[in-house]
Amino acid sequence: ALMVKSIFDNVMDDVDSSRVWMEALRRGSMGIDPTDSDSGNHSPPSRSMHDYDSAMTKMVSPVPTSMPSSVGITAKPFFTCPEKQTEQELIDGIVQAIFLDNSERERIQCDPLVRLLISNEPGHYNFTIITAMGVITEGSKGLELQKSIERLEKERGVVTIRADTGTARSIDYNASRIEEAVETATQLNRPYGLVGYSQGCANGFNFESRMISGTPDQQSAITSPESGLVCRQLLFSAANGSMHGPAFNAKVHQLITMCEDFFKYQQGYFSRAFISSTLELVDNTLDSAAFQKFHGCAKCFLPDALRGFWREAQHLPHIPTCVLRGVLEDHTTPESLEMVCNLLTKQSSSPLHDSQVHVYDAVGHPVYVKNRNGRILKNIDMGGAIQRTHHWSPLSEEVEFVRTSRDVQHAVFDCAKDRHIFPFCDVNARFGVIHYKSEANKNGDNSKSDSS
């Protein structure tokens with residue numbers, strides 16, 4: 001209900017080009033080309049060399065280049081002029097366009113809370129967010145969800161601290177960076193929540209396990225009622241690994257075997273000194289710090305490697321976990337992710353993924369390890385309906401250099417960013433996990449900022 005409410009508010013306020021995105025999403029879900037005109041009358045295509053180019057594009061691209069000509073009234077603008085629609089029509093349009101599964105759509109449409117669009121009481125939350133972003137990130141200098149974070153602080157007073165996690169680093173290294181961010185958060189004397197994105201979800205789980213099994217001070221930093229951990233948000237979680245990991249691992253073994261056969265044949269044509277220099281170069285490369293860091297990061301995508309973590313991990317049993325999952329479709333696939341998307345579909349024999357992780361892996365509990373801790377996490381996993389979106393949904397400026405004209409036409413990056421964090425905060429506030437700040441505390445904070 002709060003997810004629909006967040007998107008509804010973004011559409012009405014036209015935040016982050018949400019109207020254009022929803023219009024493109026709506027048309028794509030109906031099989032209509034977003035670039036079609038409002039009219040359902042289309043002139044027949046002319047016979048020229050352009051037909052050959054269009055045919056070849058259709059063969060190599062998963063995104064249809066042409067749509068049925070008789071699209072009727074469904075091709076007329078809907079979300080681009082929301083003031084002409086009724087509130088309930090907009091709700092139905094959002095549910096139909098956003099959510100993938102038919103059974104989930106029917107359940108959401110029949111939910112009275114969705115229909116009522118009930119907002120939380122106005123006021124500031126006594127809450128801090130600590131973010132841990134994906135495998136490629138600038139850490140504390142990152143810009144993921146920046147505008148949404150600023151809106152959340154302005155509207156709800158939620159301070160966000162970005163953990164200084166590194167690009168292609170191990171989950172142990174990144175967990176230590178999250179611990180540093182928590183030390184900063186505890187100085188605010190507020191409860192905090194972890195927001196993980198992709199590999200950041202595994203980093204967050206590892207941080208929590210390390211703190212619970214750590215020193216008394218570390219345990220206090222996570223269990224304190226005044227400034228401890230109270231909730232989690234997982235965005236496209238890779239905490240259960242990714243099929244890219246085992247597939248890449250198998251390809252590396254095949255490559256090593258092929259190289260061995262190739263160089264065995266070639267060694268008779270080169271001097272011993274050249275062979276020794278080549279082997280020394282390979283050894284130095286494998287022993288380098290950059291390769292070892294990359295290897296430590298790559299292990300977190302292997303389900304087998306993560307089994308060791310999940311076997312020994314321990315987590316708090318009272319921390320609710322919110323999850324956002326997505327599945328790619330033709331009209332929601334960025335052009336830069338087409339090859340990766342098709343590769344993962346071929347490797348796993350399943351199209352139910354966001355180009356990086358599958359929906360059955362992107363959950364808030366371990367899938368491939370069954371133990372007491374796994375049952376605890378499964379019990380507090382609140383789940384989330386599968387959305388029509390891609391793995392790069394939280395990104396904007398970071399992917400500007402790969403945005404193509406077709407991406408602009410399909411508005412694949414112009415999505416409502418607020419839905420990644422606003423419903424998470426609001427649902428935990430609605431059920432009392434996150435508390436409102438008292439007027440006294442809020443006034444005290446204002447006086448401190450004025451004096452500073």
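Colleague: What share of the contacts between residues at least 6 apart in sequence joins residues at least 24 apart?

Modeller: In this predicted model, the share is 80%. A pair counts as a contact when heavy atoms lie within 4.5 Å.

Colleague: And what is the protein built from, in helices and strands?

Modeller: There are 19 helices and seven strands. Of its 452 residues, 49% count as buried.

Colleague: Take helix 1 and helix 4. Why is helix 1 called roughly perpendicular to helix 4?

Modeller: Helix 1 (residues 2-13) and helix 4 (residues 87-98) pack at about 115°, and their axes are 10 Å apart. The range for roughly perpendicular is 65 to 115 degrees, so helix 1 gets that label relative to helix 4.

Colleague: Is that crossing left-handed or right-handed?

Modeller: Right-handed, for helix 1 against helix 4.

Colleague: Which residues meet there, helix 1 to helix 4?

Modeller: From helix 1 you get Val4, Ile7, Phe8 and Met12; from helix 4, Glu87, Leu90, Ile91, Ile94, Val95 and Ile98. By class, that contact has nine nonpolar residues, no polar ones and one charged. Glu counts as charged, so Glu87 in helix 4 is the charged one.

Colleague: On to cysteines. How many disulfides turn up in the whole structure?

Modeller: Zero. To be counted, a pair of cysteine sulfur atoms has to be within 2.5 Å, and the search finds no such pair.

Colleague: What makes Cys81 buried or exposed?

Modeller: Its relative accessible area is 13%. Buried means under 20%, so Cys81 is buried.

Colleague: And how do you know which label Cys110 gets?

Modeller: Cys110 has 65% relative accessibility. The cut-off for exposed is over 50%, so Cys110 counts as exposed.

Colleague: Now backbone angles. What is notable about phi of Phe236?

Modeller: Phi there is near 50°, a positive value, and the residue is not a glycine. Phe236 sits in the loop between strand 4 (229-235) and helix 11 (244-266).

Colleague: Why is Phe236 called buried or exposed, whichever applies?

Modeller: The relative accessibility of Phe236 is 0%. That is under the 20% limit, so Phe236 counts as buried.

Colleague: What about phi of Ala411, and where does that residue lie?

Modeller: Phi of Ala411 is near 55°, again positive in a residue other than glycine. You'll find Ala411 in the loop between helix 17 (405-410) and helix 18 (422-430). Its relative accessibility is 0%, so Ala411 counts as buried too.

Conventions: Residues numbered from 1 in each chain as written. Predicted model: local features only at pLDDT ≥ 70, side-chain atom pairs only at ≥ 80, totals over all residues. Heavy atoms only, no water. Axes fitted to C-alpha atoms, helices over the stretch in contact; angles between N-to-C directions. Helix = DSSP H or I, 4+ residues; strand = E, 2+ residues; numbered from the N terminus. Parallel < 35°, antiparallel > 145°, perpendicular 65-115°, else oblique. Left-handed = near helix turned anticlockwise from the far one by under 90°. Buried < 20%, exposed > 50% of the residue type's maximum accessible area, 1.4 Å probe, protein only.
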